[in-house]
Amino acid sequence: MPQLRARDYNFTVGQLPPGPRNKITDVPGLAVGHHTVDNAENKTGVTVLLPGAENPFTHKLPAAAFVLNGFGKSLGLVQVEELGTLETPIALTNTLNVGLVHDALVEYMIGRCELEGVELRSVNPLVLECNDGGINQIQKRAIGREEVLAAFAAASPDFDEGDVGAGKGMVCHGLKGGIGSASRRLEVDGVSYTLGALVLANHGSMTDLTICGEPIGLQLEAAKAAKESDVGSCIVILATDLPLDSRQLSRVAKRASVGLARLGSYIGHGSGEVFLAFSTANPFPVREEAALRTVTAFHEEKMDLPFRAAAECVEEAILNCLFTARTVTGWDGKTVWALRDLWHPQGEKP
């Protein structure tokens with residue numbers, strides 16, 4: 001049964017049109033895979049994003065990161081900031097599993113490079129995290145090599161959202177959070193491009209939740225007992241086939257903050273907001289020997305278009321996460337309710 005997303009509840013975010021899936025995988029070549037661990041003790045998982053069909057280690061993609069609030073334990077961001085390139089798939093998981101997932105990504109890249117006759121002596125895996133310890137027995141560290149490889153095996157242009165993969169144990173605005181995605185089509189000089197977002201939403205307070213300008217959080221009965229702190233973190237991955245360089249991607253990544261703010265997050269002390277953006281245009285083939293290469297550059301005065309697309313995608317991706325997530329009861333008996341179980345918007349489709 002198809003998942004009901006924000007537009008199925010008649011919520012339309014922004015002005016730009018979405019891609020055919022309205023997911024990050026509308027950017028050609030991308031795939032997303034999940035592996036979910038759901039048992040008596042663990043409500044957790046891992047999500048991987050493959051940035052294209054080519055080996056990212058030999059075809060490095062322009063990339064940039066922006067840390068709005070650094071309360072987080074991500075790995076790999078320093079080299080992205082220094083070199084401006086992406087060279088592995090991206091993995092999302094929980095806080096205490098970052099090291100194990102990093103190790104699994106190294107093993108995955110070694111195996112992939114061996115198949116292609118590429119010697120790999122150093123690699124920069126990107127592992128980003130949020131803390132799901134509120135409903136997951138996080139100290140059990142349930143995500144390792146087998147789970148990461150299973151997520152890669154499941155990777156597809158179409159994928160579920162909500163409480164799946166890395167999103168299984170996440171809480172967003174006091175409600176069940178997790179994975180969400182959205183995309184926007186961009187027309188530039190008669191050519192169609194795409195910008196998409198993938199979020200791991202584990203942030204915000206219930207009383208602050210605002211949907212399309214309406215203070216929904218304050219209308220929920222559960223909000224009366226909700227804690228006010230904006231804690232937990234939000235990871236945002238932005239991808240595009242628009243030819244943006246690393247500096248421009250950094251500017252686009254910053255606009256993810258607009259999407260969070262429109263939903264009511266004020267980026268609290270205990271909430272780590274980490275944004276990563278990359279482009280599939282202008283890959284750098286490392287095995288080419290020429291000292292110079294030709295690239296296509298995007299006009300700096302036209303950056304308003306990808307800025308708007310990023311803000312719209314992030315806002316809608318978080319909404320899609322909230323609408324697709326299901327109510328989950330954690331290992332210690334704590335129940336985190338899904339938005340759709342507490343609130344039924346007018347105009348909802350049957």
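Let me begin with two helices, H2 and H3, which are oblique to each other, because their packing angle of about 55° falls outside the ranges that count as roughly parallel, roughly antiparallel or roughly perpendicular. I should say at once that this is a predicted model, and I will keep to what has been computed from it.

Helix H2 covers residues 98-115 and helix H3 covers residues 145-153, and the axes of the two lie 9 Å apart. As for the sense of the crossing, H2 passes H3 in a right-handed manner. On the H2 side, the residues that make the contact are Val101, Ala104, Leu105, Glu107 and Tyr108, while H3 contributes Arg145, Val148, Leu149 and Phe152. If we sort the residues of this contact by class, we find 7 nonpolar and 2 charged residues, with no polar ones.

Let me now step back to the chain as a whole, which has 8 helices and 15 strands. Along its principal axes, the C-alpha trace spans about 65 × 45 × 40 Å. How does the radius of gyration of the chain compare with that of a compact globule? For 350 residues, a compact globule would have a radius of gyration near 20 Å, and the chain, at 19 Å, therefore agrees with that expectation.

Two further values complete the picture. Of the 350 residues, 57% count as buried, which here means under 20% relative accessible area. Finally, if we take the contacts between residues at least 6 apart in sequence, 79% of them join residues that are at least 24 apart.

Technical notes
Residues are numbered from 1 along each chain as its sequence is written. This is a predicted model: local features need pLDDT of at least 70, side-chain atom pairs count only at pLDDT 80 or more; totals for chains, interfaces and linings use all residues. Side-chain values use heavy atoms; hydrogens and water are left out. Axes are lines fitted to C-alpha atoms, for helices over the stretch in contact, and angles run from 0 to 180 degrees between N-to-C directions. Helices (H or I, at least four residues) and strands (E, at least two) are DSSP runs, numbered from the N terminus. Angles under 35 degrees count as roughly parallel, over 145 as roughly antiparallel, 65 to 115 as roughly perpendicular and the rest as oblique. A crossing is left-handed if the near helix is turned anticlockwise from the far one by less than a right angle, and right-handed if clockwise. Contact means heavy atoms within 4.5 Å. Ala, Val, Leu, Ile, Met, Phe, Trp, Tyr, Cys and Pro count as nonpolar, Asp, Glu, Lys and Arg as charged, and the others, Gly among them, as polar. The radius of gyration is taken over C-alpha atoms; the globule rule is 2.2 Å times the number of residues to the power 0.38. Buried means under 20% relative accessible area, exposed over 50%, partly exposed in between (1.4 Å probe, protein chains only).
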